[in-house]
Amino acid sequence: MSVLKIGVLASGRGSNLQALLDACAQRTIPAAVAVVLSDRPDAYALVRARQSNVPAYHVDPAAYTGKEQYERELVRLLQAHGVELVCLAGYMRLVGSVMLQAFPRRIMNIHPSLLPAFPGLHAQKQALDYGVRFAGCTVHFVDEGMDSGPIILQAVVPVLAGDDEEQLAARILEQEHIIYPRAVDLFARGKLRLEGRRVYILD
Ligand code: GRF
């Protein structure tokens, strides 16, 4: 089976990137991380990429005249590395029209809540403050909204008495590291069909 080239965009610690790198290296999924891009120079994700011999670039949004110019550079780098699927992994910016048009239905994101509940920042704290019994994570296709695109996979975790934000986030993160590689695997094997908002998983 051919190997799907993925590009990962990350702004921070990069544990989801690591889960993808590991799944690719262990050949658990028919994919390879071709390039990692970060809007932050100090993102540990860049270190993780280089440790795996994956090209990694800091692309500074402030160095461009606007979001479109910035995203054109992202697209240029992604295309130069033959990327077929873009994975956002803790990428702290809203994706704009330049990226969406360059990779239609080919951008995924992972979010630490059961969407459509608790989009945006501090999703785990939002869930705790709301008092839900179950939290979780979602992998979804990216559209122009904030954490609003078609849902691919979700995992549920219980909220336990006495949980603080950090404990709940850690329990959710364990599941993130399972479902993100799984979603990429399904995509790579051509098992995802998108109809309107619904994503069908083919046998
Ligand atoms: C994760 O919780 C992810 O769901 C969210 O940002 C966090 C990134 O963590 N989008 P990491 O950088 O992958 O460790």
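**Helix packing and a ligand site**

Start with helices α1 and α6, which sit oblique to each other. That label follows from the geometry, because an angle that falls outside the roughly parallel, antiparallel and perpendicular ranges counts as oblique, and here α1 (residues 15-25) packs against α6 (residues 165-188) at about 50°. The two axes are 9 Å apart, and the crossing of α1 and α6 is right-handed. Keep in mind as you look around that this is a predicted model.

Who actually touches whom here? On the α1 side, Ser 15, Asn 16, Ala 19, Leu 20 and Ala 23 make the contact, and on the α6 side the partners are Leu 173, Glu 176, His 177, Tyr 180, Pro 181 and Val 184. Sorted by class, this contact of α1 with α6 comes out as seven nonpolar, three polar and one charged residues.

Now turn α1 towards its other neighbour, helix α2 (residues 44-51). The axes of α1 and α2 are again 9 Å apart, but the angle is about 15°. Since anything under 35 degrees counts as roughly parallel, α1 and α2 are therefore roughly parallel to each other. The crossing in which α1 passes α2 is right-handed. Ser 15, Leu 17, Gln 18 and Leu 21 of α1 do the touching, against Ala 45, Arg 48 and Ala 49 of α2. By class, you get four nonpolar, two polar and one charged residues in the contact of α1 with α2.

Ser 15 is worth following further. It belongs to the α1 contact with α6 and to the α1 contact with α2, and it is also one of the residues around the ligand. The whole surrounding set is Arg 13, Gly 14, Ser 15, Asn 16, Gly 90, Ile 110, His 111, Pro 112 and Glu 176. Asn 16 and Glu 176 in that set turn up in the contact of α1 with α6 too.

Which polar atoms come up to the ligand's oxygens? An N or O atom in the side chain of Arg 13 is 2.5 Å from a ligand oxygen. For Ser 15, a side-chain N or O atom is 2.6 Å from an oxygen of the ligand. Gly 14 uses its backbone instead, with a polar atom there 2.8 Å from a ligand oxygen.

Back to α6, which has helix α5 (residues 123-130) as another packing partner. The angle between α5 and α6 is about 115°, with the axes 9 Å apart, and α5 passes α6 in a right-handed crossing. Gln 124, Lys 125 and Leu 128 of α5 meet Glu 165, Leu 168, Ala 169 and Ile 172 of α6. That contact of α5 with α6 divides into four nonpolar, one polar and two charged residues.

Finally, two backbone details in the loops. The peptide bond from Leu 115 to Pro 116 is cis, with omega near 15°, and Pro 116 is in the loop between β5 (107-111) and α5. Then there's Asn 53, in the loop between α2 and β3 (56-58). Asn 53 has a positive phi of about 60°, although it is not a glycine.

Terms used:
Residues numbered from 1 in each chain as written. Predicted model: local features only at pLDDT ≥ 70, side-chain atom pairs only at ≥ 80, totals over all residues. Heavy atoms only, no water. Axes fitted to C-alpha atoms, helices over the stretch in contact; angles between N-to-C directions. Helix = DSSP H or I, 4+ residues; strand = E, 2+ residues; numbered from the N terminus. Parallel < 35°, antiparallel > 145°, perpendicular 65-115°, else oblique. Left-handed = near helix turned anticlockwise from the far one by under 90°. Contact = heavy atoms within 4.5 Å. Nonpolar A, V, L, I, M, F, W, Y, C, P; charged D, E, K, R; others polar. Near = heavy atom within 4 Å. Polar contact = N/O pair within 3.5 Å; in protein donor to acceptor, adjacent residues only side chain to side chain.
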